[in-house]
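Morning, everyone. Please pull up the structure on your screens, and we'll walk through it together.

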Amino acid sequence: MSKPDLHTLGPLVALVALIVLGALLNPAFLAPGNITNVLARSAFIGMIAVGMTFVITAGGLDLSVGSMAAFLAGIAIIGMNAALPGMGENWGTILVGMGVAMLGGILAGYLNGALITKARIEPFIVTLGTMGIFRSLVTWLADGGTLSLDYGLRTLYRPVYYGGIGWITWPIITFALVAFAGEWVMRHSRFGRHVEAIGSNDRVARYSAIDVNRIRLMTYMLLGLLVGVATVLYVPRLGSASGSTGVLWELEAIAAVIIGGTALKGGTGRVWGTVVGVLILSLIDNILNLADLVSPYLNGAIQGVIIVLAVVLQREKRTAEER
């Protein structure tokens, strides 16, 4: 009988431990309203993290997703406001904004992927550059302030974020669908197998007749699309976008992927683990806020420590396997 893989079960054990800890520290932790809040907050980072799982599994990295989300939110709002006089205050105008965000996400992902695969620039350098570009563009479009959606459209659009089936809001439902689809694609599709093969050894993958550049480009386009979907669901929350929208989303997405067991060096991807990682990060943030244990300004530092520890554990596991 084989022993359970503690590195695989570790995130699940941590998730259960956090739920128990939260319930013990504050009775309000398990209240339906708080659970909805945690899941809704997880949804946006979660959808982006699912796409990031494919990118990292293929041996890539994307630091631009937070800035990309801000830029997509900005152009979606501009698109809806521009279409309002001609189309009126209706769902057709909102669909224009949704289309702008998702198409923009695909094109932004293509830009990152093309520079990496065709220009052969390191992913870190490319996405560090586009992170600054996207953030600067939305700040410029907002003239240093905030881009706001028309009040009537904002009221019409609000149910996309706040509505749902019972207490389960549409962002939570969409995140669940994206997670199930992502896990199926990674485990059962040719694309998923090729992504893992490229991350394990891209030279061997080329010898196996896998179009390495095409698959890597597709992972960045998939990530861009999911950033667009997350943005579509996020905009009705506040009905605005600025240069501060999506700050540190890339850190949270990468942290969730690494915590979930996806190898930072590529080759092994676990979408279900990424979902668990997202929930772990959201629960830590929620518990700290409810218990008032740490200043919310230190959340970024806590996430950074978690990333470092997760990478150290991965390296220890790899070293043990090589012995």
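Let's start with two rings. F71 is buried, and F134 is buried too. Keep in mind that this is a predicted model. How far apart are the ring centres of F71 and F134, and at what angle are their planes? The centres are 5.7 Å apart and the planes sit at 20°. The cut-off for stacked is under 30 degrees. So F71 and F134 count as a stacked pair. Now look at where they sit. F71 is in helix 3 and F134 is in helix 5. They are 63 residues apart, and the pair links distant parts of the chain.

That takes us to the two helices. Helix 3 covers residues 65–87, and helix 5 covers residues 123–141. Their axes come within 8 Å and cross at roughly 30°. Angles under 35 degrees count as roughly parallel. So helix 3 is roughly parallel to helix 5. The crossing is left-handed.

Which residues of helix 3 and helix 5 make the contact? From helix 3, take G66, S67, M68, A70, F71, G74, I75 and I78. From helix 5, take M131, F134, R135, L137, V138 and L141. Both rings of our stacked pair, F71 and F134, are on that list. By type, this contact has 10 nonpolar residues, 3 polar and 1 charged.

Next, a second helix pair. Helix 2 runs over residues 32–57, and helix 12 over residues 249–259. They pack at an angle of about 65°, and their axes are 8 Å apart. Left-handed or right-handed: which is the crossing of helix 2 and helix 12? Right-handed.

Here is who meets whom. Helix 2 brings R41, F44, I45, I48, A49, M52, T53 and I56. Helix 12 brings W249, E252, A253, I254, A256 and V257. Sorted by type, that contact gives 11 nonpolar residues, 1 polar and 2 charged.

Hold on to F44 and W249 from that list. We'll meet both again among the rings. How many aromatic pairs does a search of the whole structure find? It finds 6. One of them is F44 with Y161, and this pair is stacked. The centres are 5.8 Å apart, with 5° between the planes. F44 lies in helix 2, while Y161 lies in helix 7, residues 159–162. So the pair ties together parts that are 117 residues apart in sequence.

Are these two rings buried or exposed? F44 has a relative accessible area of 4%, so it is buried. Y161 comes in at 13%, so Y161 is buried as well.

Now widen the view. Ring pairs link F44, Y161, Y162, Y234 and W249 into a cluster. W249 is also one of the helix 12 residues in the contact with helix 2.

Stay in helix 2 for two more residues. T36 is in this helix. Its relative accessibility is 15%, so T36 counts as buried. Beyond its neighbours within four places in sequence, T36 is in contact with W167, T169 and I172. N37 is in helix 2 as well. N37 has 46% relative accessibility, so it counts as partly exposed. N37 and A17 are 20 residues apart in sequence, and their C-alpha atoms are 19 Å apart.

Now F29, in the loop between helix 1, residues 6–25, and helix 2. F29 sits at 4% relative accessibility, so it counts as buried. What does F29 touch, leaving out residues up to four places away in sequence? The list is L18, I19, G22, A23, N34, I35, L283, N286, I287 and L290.

Last stop: backbone angles. Which way does phi point at D143, positive or negative? Positive, at about 55°, although D143 is not a glycine. D143 is in the loop between helix 5 and strand 1, residues 146–148. Its relative accessible area is 72%, so D143 is exposed.

A209 has a positive phi too, near 70°, and it is another residue other than glycine. Find A209 in the loop between helix 10, residues 202–207, and helix 11, residues 212–238. Its relative accessible area is 73%, so A209 is exposed.

That's the tour. Questions, please.

Technical notes: Residues numbered from 1 in each chain as written. Predicted model: local features only at pLDDT ≥ 70, side-chain atom pairs only at ≥ 80, totals over all residues. Heavy atoms only, no water. Axes fitted to C-alpha atoms, helices over the stretch in contact; angles between N-to-C directions. Helix = DSSP H or I, 4+ residues; strand = E, 2+ residues; numbered from the N terminus. Parallel < 35°, antiparallel > 145°, perpendicular 65-115°, else oblique. Left-handed = near helix turned anticlockwise from the far one by under 90°. Contact = heavy atoms within 4.5 Å. Nonpolar A, V, L, I, M, F, W, Y, C, P; charged D, E, K, R; others polar. Phe/Tyr/Trp six-rings, centres within 6.5 Å; stacked < 30°, edge-to-face > 60°. Buried < 20%, exposed > 50% of the residue type's maximum accessible area, 1.4 Å probe, protein only.
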